[in-house]
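Me: I'd like to go through this model and ask how each label is earned. Could you show it to me?

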Amino acid sequence: MLEVRGLRVSYGPIEVVHGIDLDVKEGECVALIGANGAGKSSTLKAICGLIKARDGSIRFDGQDITNQAGHAIVRAGITMCPEGRQVFPQMNVVKNLRMGAYARTDDAQASDLEEMMDMFPILRQRAGQAAGTLSGGEQEMLAIGRALMARPKLCIFDEPSLGLAPKIVAEVGETIERVKGMGKTILLVEQNSLMALRLADRAYLFEAGEIVLEGTGEELQSHPEVAKAYLGH
Ligand code: ATP
């Protein structure tokens with residue numbers, strides 16, 4: 001469904017992603033793991049059209065989307081659930097969810113809103129509350145629900161567990177598990193490598209702008225280098 005080939009990304013003269021290849025197949029959950037600064041977020045941003053690819057190609061659902069505008073990529077079916085959640089703090093929960101559907105032209109948004117609130121009952125309880133007053137974990141659920149309101153073919157999660165307490169991280173993991181259960185295709189970037197590898201069907205390990213390992217979530221969990229450097233055992 002997503003095919004990235006020879007992707008290079010630079011900031012000014014400094015290249016930070018050095019010609020990577022990666023694939024996400026329909027229905028898969030794929031994780032990108034690796035240390036801070038390894039190039040995971042830059043890769044995601046290039047896929048979503050938020051920064052330019054210096055070289056290489058990105059194909060999605062049979063279409064070349066390399067360096068297309070962000071809104072065209074959303075229309076093609078890719079939605080990003082951004083790092084730090086970025087809910088609209090003054091708007092209430094329902095309005096935030098509706099914002100996720102802004103690019104849709106069909107009339108099933110009301111029923112999707114109901115579906116989101118069935119899926120995340122806490123959002124129904126908080127429906128009229130300003131999003132900024134929600135806890136970090138609730139805001140993450142809202143950000144995920146808002147992303148799903150776009151009915152994406154590919155859902156990208158950038159660091160969903162960042163800054164959350166361990167108990168809440170586990171809840172976010174369960175939420176992503178539920179999104180997987182809906183049959184959604186997921187690309188996930190996570191500092192929490194253990195959570196990412198447990199969730200992922202396949203994963204790629206980034207180091208200094210390159211992909212140095214690729215395998216199933218289980219294979220990478222039991223890989224000695226990954227276990228030592230990223231899982232702490
Ligand atoms: P993190 O988990 O910290 O986001 P990452 O693996 O996602 O790490 P990137 O954020 O893609 O890594 O960063 C890759 C490199 O690009 C780093 O060296 C970083 O300092 C640099 N970088 C990221 N954003 C910018 C920017 N806007 N301008 C200049 N350099 C940047």
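Reply: Happily! Pro 166, Lys 167, Glu 174 and Gly 181 are exposed on the other side of H7, where exposed means over 50% relative accessible area and buried under 20% (1.4 Å probe, protein chains only). The model is predicted, so local features need pLDDT of at least 70 and side-chain atom pairs 80 or more, while totals for chains, interfaces and linings use all residues. Residues are numbered from 1 along each chain, and side-chain values use heavy atoms, without hydrogens and water.

Me: Which residues of H7 are buried?

Reply: Ile 168, Val 169, Val 172, Gly 173, Thr 175, Ile 176 and Val 179 are. Seen down the axis, they fall within an arc of 160 degrees, so they line one face of the helix; the arc is taken over directions from the helix axis to the C-beta atoms.

Me: What span should the 16 residues of helix H7 have at 1.5 Å a residue?

Reply: The expected span is 1.5 Å times one less than the number of residues. For H7 (residues 166-181) that gives 22 Å, and the end C-alpha atoms are 23 Å apart, which agrees.

Me: What makes the pair between Tyr 11 and the ligand a polar contact?

Reply: A polar contact is a pair of N or O atoms within 3.5 Å. A polar side-chain atom of Tyr 11 lies 3.4 Å from a ligand nitrogen atom, so the pair meets that cut-off. Ser 41 qualifies too, with a polar backbone atom 2.6 Å from a ligand oxygen atom, as does Glu 159, whose side chain has an N or O atom 3.1 Å from a ligand oxygen atom.

Methods
Polar contact = N/O pair within 3.5 Å; in protein donor to acceptor, adjacent residues only side chain to side chain. Helix = DSSP H or I, 4+ residues; strand = E, 2+ residues; numbered from the N terminus.
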